[in-house]
Amino acid sequence: MTSADASRLAGRGKTAIVSGKEMDADQAAALHEVKDIFGKLAKALKQILLYRHNKERYGEYLQDTYSAFADYLQRRGQMMLRVQPTGYMMGGVDVYTDENRDNNLCYPFYAHGVRMIIINPGLTLDELIRFLNLIFSASDKGVRQSEDFVTRLWKAELQAIQYIVVEGFKAVEDEDAEEVQMEVDKVVAYLYRQLQSNTDDVARFARVDTADLDLKLQEVDQVRGNVIQGETATAADKDRIKRALHEEENQKLLPKMVVILFQLLELCTDQKNFEDVAESFLQLLDAMLFSERFDVIQQILERFDVSKKKNLREGVPELVQAAQDRFLLKMGEPQRLSALTQMFNAGPVKNLEGVRTYLMNLSSDALEPLLDCLERVEVANNRRVLCDVIAELAKTYPDRVANRLSHPSSQVVKDMIYILDKIDPPNKLSLIAGLLEHSSVVLRLETINTLGRNPSDETLPYIIKCLKGNDPQMRAAAARVMPFFAPERAATELLHQAAAADFAKRPKDEQRALLSSICLVQHPRCQQYVANILGAKGNLLTRTKVDEAKMQIIEAMATVVSIPMLQQLAAIVQDATQSKELQLAARNAALEMRNKLMGGQPAAPRPAG
């Protein structure tokens with residue numbers, strides 16, 4: 001303190017002069033303390049930059065700095081720093097100056113519109129390290145091209161460090177602080193009105209530009225660029241600018257709006273304006289759905305959780321929770337799910353995992369609208385994705401799915417069978433078995449396949465009933481699933497059908513299905529049945545009938561792709577007692593089966609002779 005400063009303080013209370021400004025002595029002490037903290041930080045940064053590759057020791061280098069920060073915040077609460085191009089100010093006094101071009105602690109914030117940094121109690125060493133790493137990454141070209149600095153700040157999810165971003169405006173040196181505050185308030189008020197839009201144009205709030213501000217704001221000094229003379233832009237320059245504008249619109253604009261909305265929610269929201277802020281989040285949701293930015297929607301949901309953990313004003317955490325609950329509820333409303341239906345019908349989904357995550361965040365209230373959407377989805381692969389999500393959401397509500405088993409559309413009913421099969425409720429089989437009497441043969445066959453995939457003493461009676469029924473297609477389907485059941489019971493039922501008096505008159509597909517299952521069942525009686533047919537000897541009167549039976553067995557064996565069956569076919573090829581026609585059929589079947597087992601293309605049939 002100079003002698004002139006001392007004379008000015010004569011006769012006054014406990015005050016002090018810092019950098020030519022008179023202030024309370026306690027405030028002056030706080031400023032000196034902050035300067036000391038930044039002095040320690042500067043020394044720690046020199047060590048970090050010297051051993052930048054050794055990230056494991058960053059915590060050791062910053063320990064003294066962190067202790068000073070923690071002690072200050074515990075005693076004095078917040079530390080509010082105004083960002084300047086080459087330093088930080090507090091209470092109108094410079095507390096830190098950094099003239100370095102590389103790894104500058106201030107300029108990356110200033111260059112990207114950050115004008116205030118607020119450090120709150122609860123700062124951890126890990127958060128301090130992550131904060132500094134963000135500054136270091138500002139000079140990394142690869143990182144700069146992928147995302148802008150403010151977006152990376154938001155994604156870092158800093159809990160004790162907050163920041164205020166102002167884009168497109170600045171205060172000049174001779175402006176009064178109160179006047180500047182009024183001008184900034186005008187800007188914020190205009191942006192806030194944009195966020196309150198009730199029009200159908202859900203992306204209107206995202207198209208705020210300087211032309212709008214010229215019309216809406218008065219007596220606000222804007223930063224304007226100088227006119228620069230130079231060469232006319234080339235086609236390559238134009239393409240580069242177009243790409244940059246596209247990147248700005250699609251990769252940076254929406255994340256910036258997310259930052260603005262959460263700052264508004266955390267710092268400026270109360271019961272009076274909560275409805276408007278919550279509605280702004282819903283408009284943002286619609287914009288994200290329109291642009292298919294499901295990754296940003298997930299980041300918003302995660303940011304809600306981060307905001308609830310912050311040291312916010314009294315009552316604000318409850319407002320954050322209410323905004324999150326409303327956001328999740330509106331995500332599952334029919335009109336928004338209809339937008340997903342249109343996307344599903346447009347073809348392959350670009351961000352399938354993002355869509356799946358979006359749907360998995362929905363509550364059980366969205367189950368009925370999702371089932372309605374499923375009825376309108378026409379792309380098979382996308383229907384399956386939606387079925388998998390519904391199966392997860394309906395685990396505790398299988399009855400809602402079962403209620404749609406009576407739907408007139410066979411495709412919808414097949415989807416319900418698939419979902420119930422995945423949910424696997426205790427009464428699943430009784431629910432599904434009722435479809436065996438459905439008027440649609442497609443659904444009856446699908447039901448048999450579902451019951452066959454769940455072999456048990458409970459499902460076996462249904463399969464046997466179908467095996468002995470009057471419908472050839474259902475008998476064939478039941479025969480195909482019999483090998484999934486106990487070999488003893490499967491052998492008994494299959495051989496009983498093969499010995500039926502009308503077996504030879506049944507459709508060829510049914511005969512082949514039955515014989516294929518007999519070949520597949522690992523039971524001595526089935527193996528003996530096959531061996532008896534292949535070893536039968538015919539005379540002049542019965543040779544044709546015997547060869548037809550053998551050919552049926554070979555065709556049935558060809559459908560059972562396995563190494564043991566390949567060996568049996570090879571044995572028939574080597575059996576000189578078999579006719580040339582049977583040997584050729586067995587050889588072609590064996591070659592095709594070998595290629596299937598090896599993952600190759602089916603072999604070309606060998607011509608006769």
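**Entry 1. Phenylalanine 304 and its partner**

I looked up the burial of phenylalanine 304 in this predicted model. Its relative accessibility is 0%, so I recorded phenylalanine 304 as buried. I then turned to phenylalanine 262, for which the relative accessible area is likewise given as 0%, and entered this residue as buried.

I next counted the aromatic pairs and found 10 in the structure. One of them joins phenylalanine 262 to phenylalanine 304, with 5.1 Å from centre to centre and 65 degrees between the planes, an edge-to-face arrangement. I placed phenylalanine 262 in helix H11 (residues 235-268) and phenylalanine 304 in helix H13 (residues 294-308); the two are 42 residues apart in sequence, so the pair ties these parts together.

**Entry 2. A second pair involving helix H13**

Which geometry do the rings of phenylalanine 294 and tyrosine 358 adopt? I noted centres 5.6 Å apart and planes at 75 degrees; planes over 60 degrees apart count as edge-to-face, so I entered this pair as edge-to-face. Phenylalanine 294 belongs to helix H13 and tyrosine 358 to helix H16 (residues 352-360), and the pair links distant parts of the chain, 64 residues apart. I found both phenylalanine 294 and tyrosine 358 buried.

**Entry 3. Strands E3, E4 and E5**

I traced the pairing of strand E4 (residues 87-90). Strand E3 (residues 79-84) pairs with E4 in the antiparallel sense, over three bridges. Within this pairing, arginine 82 has methionine 89 of E4 as its bridge partner. I recorded a hairpin formed by E3 and E4, with two residues between them.

On the E5 side, four bridges join E4 to strand E5 (residues 93-97), again antiparallel. Tyrosine 88 has tyrosine 96 of E5 as its bridge partner. E4 and E5 also form a hairpin with two residues between them, and I noted a positive phi of about 60 degrees for glycine 91 in the turn.

Are the faces of strand E4 covered or open? I found both covered: Gly87 and Met89 are buried on one side, Tyr88 and Met90 on the other. I also entered Tyr88 and Tyr96 as members of one aromatic cluster, together with Phe38 and Phe69.

**Entry 4. Arginines**

I examined arginine side chains over aromatic rings. Arginine 384 lies over the face of tyrosine 418, at 3.8 Å from the ring centre. Arginine 400 takes up such a position over tyrosine 397, with 4.4 Å to the ring centre.

I then located arginine 57 in the loop between helix H2 (25-50) and helix H3 (58-61). Its relative accessibility is 35%, so I recorded arginine 57 as partly exposed. What does the side chain of arginine 57 contact? I found a polar contact with the side chain of glutamate 60, at 2.7 Å. From C-alpha to C-alpha, arginine 57 is 9.8 Å from glutamine 47, and the two are 10 residues apart in sequence.

**Entry 5. Cysteines**

How many disulfides does the whole structure hold? My search returned zero. I checked cysteine 526: the closest cysteine sulfur, in cysteine 519, is 8.7 Å from its own sulfur, which is too far for a bond. The cut-off for a disulfide is 2.5 Å between the sulfur atoms. Cysteine 526 is buried, with a relative accessible area of 0%. I looked up cysteine 106 as well and found it buried, also with a relative accessible area of 0%.

Note on methods
Residues numbered from 1 in each chain as written. Predicted model: local features only at pLDDT ≥ 70, side-chain atom pairs only at ≥ 80, totals over all residues. Heavy atoms only, no water. Phe/Tyr/Trp six-rings, centres within 6.5 Å; stacked < 30°, edge-to-face > 60°. Buried < 20%, exposed > 50% of the residue type's maximum accessible area, 1.4 Å probe, protein only. Lys NZ or Arg CZ within 6 Å of the ring centre and 35° of its normal. Polar contact = N/O pair within 3.5 Å; in protein donor to acceptor, adjacent residues only side chain to side chain. Pairing = 2+ DSSP bridges.
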